[in-house]
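Welcome to a short set of exercises with worked solutions. Take a look at the chain below, and then let us work through it together.

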Amino acid sequence: MATYDPFRDLDRLASTLLDARRGGGPRRMPMDLYRDGDHYVLAADLPGVDPGSVDIDVDGQLLTIRAERTLGSGEGVKWITRERETASFVRQLNLGQGIDTDGISAAYRNGVLSVTIPVSEKAKPRRISISTDDGDGVIEAHESTPQPIEQ
């Protein structure tokens, strides 16, 4: 048995008004972004989105993700309640320098879009050899753990 919840109706009304004020344009998708070794991983929530509607493109250093959620409705369907909406989603990120834009890949599983963004070879940390004037050849630079500064 369904009960009347006035707060749910107020919440739906407020959402409708705020969406109308924003122009009903594309919604932002929540995402996480982290670095894992020599690549970045972007995970974006896109529940109920058909993977065929997802479009990812790179223009220079700008990564754009677009997606559409459509809801089917069969003929003769009599809706009791319909709270899920069709929606357009868009997200843009400036990648900055040091990214291998040709190596970007994506996967979609369980409503989550994962985009792997590799760091370019030029931007990866590397060791620098040091040459000397006394003819001893080359000195290898060794990595060291930073020591705390004493006061």
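**Exercise 1.** Find the bridge partner of L63 in β5, then place that pair in its sheet.

*Solution.* Start with the pair itself: L63 has L93 of β5 as its bridge partner. Likewise, T64 is bridged to Q92 in β5. Next, step back to the strands: β4 (residues 62-69) and β5 run antiparallel and are joined by eight bridges. Here strands are DSSP runs of E with at least two residues, helices are runs of H or I with at least four, and both are numbered from the N terminus. Two strands count as paired if DSSP finds at least two bridges between them. Now add the third strand: the open sheet has the order β3-β4-β5, with antiparallel pairing. Because β3 (55-59) and β5 (87-94) each have a single partner strand, they stand at the edges, and one side of each lacks a neighbour in the sheet. Finally, neighbouring strands in this sheet are turned by 15 degrees against each other on average, direction ignored, using axes fitted as lines to C-alpha atoms.

**Exercise 2.** Sort the residues of β5 into a covered and an uncovered face.

*Solution.* The covered face holds A87, F89, R91 and L93. On the uncovered face you will find S88, V90, Q92 and N94. So how do the bridge partners fall? L93, the partner of L63, belongs to the covered face, whereas Q92, the partner of T64, belongs to the uncovered one.

**Exercise 3.** Decide where the coordinates deserve caution.

*Solution.* First, the ground rules: this is a predicted model, where local features need pLDDT of at least 70, side-chain atom pairs count only at pLDDT 80 or more, and totals for chains, interfaces and linings use all residues. Residues are numbered from 1 along each chain as its sequence is written, and side-chain values use heavy atoms, leaving out hydrogens and water. The mean pLDDT (the predictor's confidence in each residue, from 0 to 100) is 78 for the chain, with 70% of residues at 70 or more. Confidence peaks in β6 (residues 105-109) at a mean of 96 and is lowest in β9 (residues 138-139), at 55. Over residues 142-151 the pLDDT is below 50, and this stretch has two contacts (heavy atoms within 4.5 Å) beyond near neighbours in sequence. Where pLDDT is low, the predicted coordinates should not be read in detail.

How values were computed. Axes fitted to C-alpha atoms, helices over the stretch in contact; angles between N-to-C directions. Buried < 20%, exposed > 50% of the residue type's maximum accessible area, 1.4 Å probe, protein only.
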